[in-house]
Structures are given as C-alpha cells and as structure tokens.
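This report describes the fold, the pairing of strands, a pocket and some backbone details of one protein model. The model is predicted.

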Amino acid sequence: MPLPPGQHRRADFPRFGLDAYAHRIPEPAPLRLEVDGQLARPVVADVAALAGVPRVEQVSDLHCVTTWSATGLRWAGWRFCDVWEALIAPHLTGEAQWLLFGSADGFRTRLPLDDALGDDVLLADTLDGEPLPLIHGGPLRFVAPAHYGYKNPKHVTRLTVAEDCAGYRPVTPLRFMEHPRARVHAEERGRWPAWLLRRLYRPLVDRTVRRFAAAWSARAPGQRSR
Ligand SMILES: Nc1nc2c(c(=O)[nH]1)N[C@H]1C(S)=C(S)[C@@H](COP(=O)(O)O)O[C@H]1N2
Ligand SMILES: [Mo]
C-alpha cells in the first residue's frame, strides 16, 4: 500500500508530539472518559459502561503531520460510532457538530462529529494485544487513521459535544498549525500550503523523536511501564 502524499514510513513507532508535551507524562490511571456538552446529563464511559459495546480489532496506520508514518499498528477497543450510538446519542439535547477532546497531559484537539463517526475511528485500549501502554496514550486513545496524528489524542479523558467551536482553545497559538479537519488524503496539514508545511516540519522530526525519548527515559524507573 503506498503511503499518503508527502509521508514516509518509519520502521519504529516513536513517542511524539509538540515539544511542550514531551515532559507531560500523566500518571497511569483507570480507563475513564467523561463526556459533557450538549447532553441532558454528563456520561461516563468507563470499563463497566463500555462492556455493553462490541469490541473490535483494527490494523491501521498513524500519519504524523510532520511527514512520518507508522504502519500496521494493531489496535483494539471500540468503534467510536458504536460508543456514540450506545452511550452518548441517547442523551443529546442540541445539534451536535463538533467533538472537543481533552487529555490527561493537557493536550486538546477537535474533530467534526461526522469525521469522528467514520468506520475506522476507534477508542483504543490495547496495542499489539497488550493493554495500551502509557507511552502510546494509555489507558485510552482516540484512533482516527484518516486524520493526522494531532487528531488522535492520547490519554483521552474528556469529550465535549458541541454545536460549534466557541469553547475550543487550540494547544498552540500558531494558527497555521491547526486545520479543523486535518484529513490525510487531502493533505490538510494545517492552514498553510501542504508543500510548505512539509518543508517546515520534516527537519524537526529526528530531534523531536530524541526529545520525547529522553523525556520518557528521565522518568522514575518504576513509572516507565504502562
Ligand atoms: N495527549 C496527547 N495526544 C497526542 C499528542 C500529545 O502530545 N498528547 N501528540 C499528537 C501527535 S502530534 C502525534 S503525531 C501522535 C503521536 O502518537 P505517539 O506518541 O503514540 O507516536 O499523538 C498525538 N496525540
Ligand atoms: Mo504529529
């Protein structure tokens, strides 16, 4: 399978993100996603609530906007559309258009609801048949393979269902970096032309990988697993 435009394959699957997040490593925690916003009452998606939703396994790729891709990642968890139907949609009160995500490390991102309801979008709690390790976003991660990595929040703890993005605060003041949809096939890397963003980002990959790896190794040894 050829990679999407402007992407190259990495043999490894590095820990990655904006520099500011390299040292923000949350404590291991039980799986718990709080859903609020346009709902008659907040919904908690924890292991008990998710037990009623069918589990699925999926092999998919992760495409980071900085041009690297990790391929053949074996996730398991729940299809987001199934979680939506079973646990969230019954409590809707308004015109849901957007999902605003919050993570335990302070990361935030957003996606149009329609994009998040795609067939290949998961809430994943395992990787390669093991509980999702902390290093890749445990205990729960949003997996949206058709969207760049920054729309795949790790350690996701909060989901706000919204009519618009009035309450959304991007993680970076650099507006060019955040595309509201960020679809990989359309090369929606950000608000500047894709060719320019490729050129800007690609030279930063190796040093970012090193920075994230060093921050991880600097953690207390006992905290390094899960
Ligand atoms: N909570 C959280 N989620 C995040 C990030 C982050 O820093 N924090 N970085 C994003 C980016 S830019 C990418 S490319 C992927 C990297 O996932 P990985 O660290 O599992 O490789 O996570 C995305 N989700
Ligand atoms: Mo990324």
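## The five-stranded sheet

An open sheet is built from five strands in the order 3-2-11-6-7, with mixed pairing. Its edges are strand 3 (43–46) and strand 7 (108–112); each has a single partner strand, so one side of each is left without a neighbour in the sheet. On average, neighbouring strands of this sheet are turned by 20° against each other, direction ignored.

Strand 2 (residues 32–37) takes part in pairings of both senses. With strand 3, strand 2 pairs in the antiparallel sense over four bridges, and a hairpin of five residues joins strand 2 to strand 3. Within this pair, L33 has A45 of strand 3 as its bridge partner. With strand 11, strand 2 pairs in the parallel sense, again over four bridges. Here V35 has L159 of strand 11 as its bridge partner. In a regular strand, side chains alternate between the two faces of the sheet.

## The helix across the sheet

Which strands does helix 2 lie across? Helix 2 (residues 80–88) lies across strand 2, strand 3, strand 6 (98–103) and strand 11 (156–162). Against strand 11, helix 2 runs at about 70°.

## Strand 8 and its partners

Strand 8 (residues 122–127) is mostly covered, with six of its six residues buried. Strand 8 pairs in the antiparallel sense with strand 5 over five bridges, with strand 10 (residues 141–143) over three bridges, and with strand 9 (residues 130–131) over two bridges.

Individual positions show how these pairs are set. R79 stands opposite L122 in strand 8, and L123 stands opposite F142 in strand 10. In strand 9, P131 is the bridge partner of T126. The hairpin of strand 8 and strand 9 has two residues between the strands, and in this hairpin D128 takes a positive phi near 55°.

## Surroundings of L73

L73 belongs to strand 5 (residues 68–79). With a relative accessible area of 9%, L73 is buried, because the cut-off for buried residues is under 20%. Once neighbours within four places in sequence are left aside, L73 is in contact with F13, Q58, V59, S60, L62 and L127.

L73 and D128 are 55 residues apart in sequence, yet their C-alpha atoms are 7.3 Å apart in space. D128 is the residue with positive phi in the hairpin of strand 8 and strand 9.

## Cysteines

How many disulfides does the structure hold? The structure holds zero disulfides. A disulfide is a covalent bond between the sulfur atoms of two cysteines.

Two cysteines can be described by their accessibility. C81 is buried, at a relative accessible area of 17%. C165 also counts as buried, at 19% relative accessibility. C81 and C165 count as buried at 17% and 19% because the limit is under 20%.

## The largest pocket

The largest pocket has a volume of about 760 Å³. The pocket is lined by 43 residues, of which F16, G17, L18, F107 and Y150 are the closest to its centre.

Which elements each supply at least two residues of the lining of the largest pocket? They are strand 7, helix 4 (194–201) and helix 5 (205–217). Helix 5 gives the largest share of the lining, three residues. Strand 7 is also an edge strand of the five-stranded sheet, with a single partner strand there.

## Backbone details in the loops

Most residues other than glycine have a negative phi, and most peptide bonds are trans. T67 departs from this pattern with a phi near 105°, a positive value in a residue other than glycine. T67 lies in the loop between strand 4 (55–63) and strand 5, and T67 is buried, with a relative accessible area of 0%.

E187 likewise has a positive phi, near 50°, and is a residue other than glycine. The loop between strand 11 and helix 4 holds E187, and at 15% relative accessibility E187 counts as buried.

Where is P139 found? P139 is in the loop between strand 9 and strand 10. The peptide bond from G138 to P139 is cis, with omega near 5°.

How values were computed: Residues are numbered from 1 along each chain as its sequence is written. Chains are lettered from A and ligands numbered from 1 in the order in which they are written. This is a predicted model: local features need pLDDT of at least 70, side-chain atom pairs count only at pLDDT 80 or more; totals for chains, interfaces and linings use all residues. Side-chain values use heavy atoms; hydrogens and water are left out. Two strands pair if DSSP finds at least two bridges between them. Axes are lines fitted to C-alpha atoms, for helices over the stretch in contact, and angles run from 0 to 180 degrees between N-to-C directions. Contact means heavy atoms within 4.5 Å. A disulfide is a pair of cysteine sulfur atoms within 2.5 Å. Buried means under 20% relative accessible area, exposed over 50%, partly exposed in between (1.4 Å probe, protein chains only). On a 1 Å grid over the protein atoms alone, a cavity is a set of points where a 1.4 Å probe fits but cannot get out, and a pocket is an open set with protein on both sides within 12 Å along at least five of seven lines; lining residues have an atom within 4 Å of a point. Grid points are joined across faces, edges and corners, and a volume is the space filled by probe spheres set on the points.
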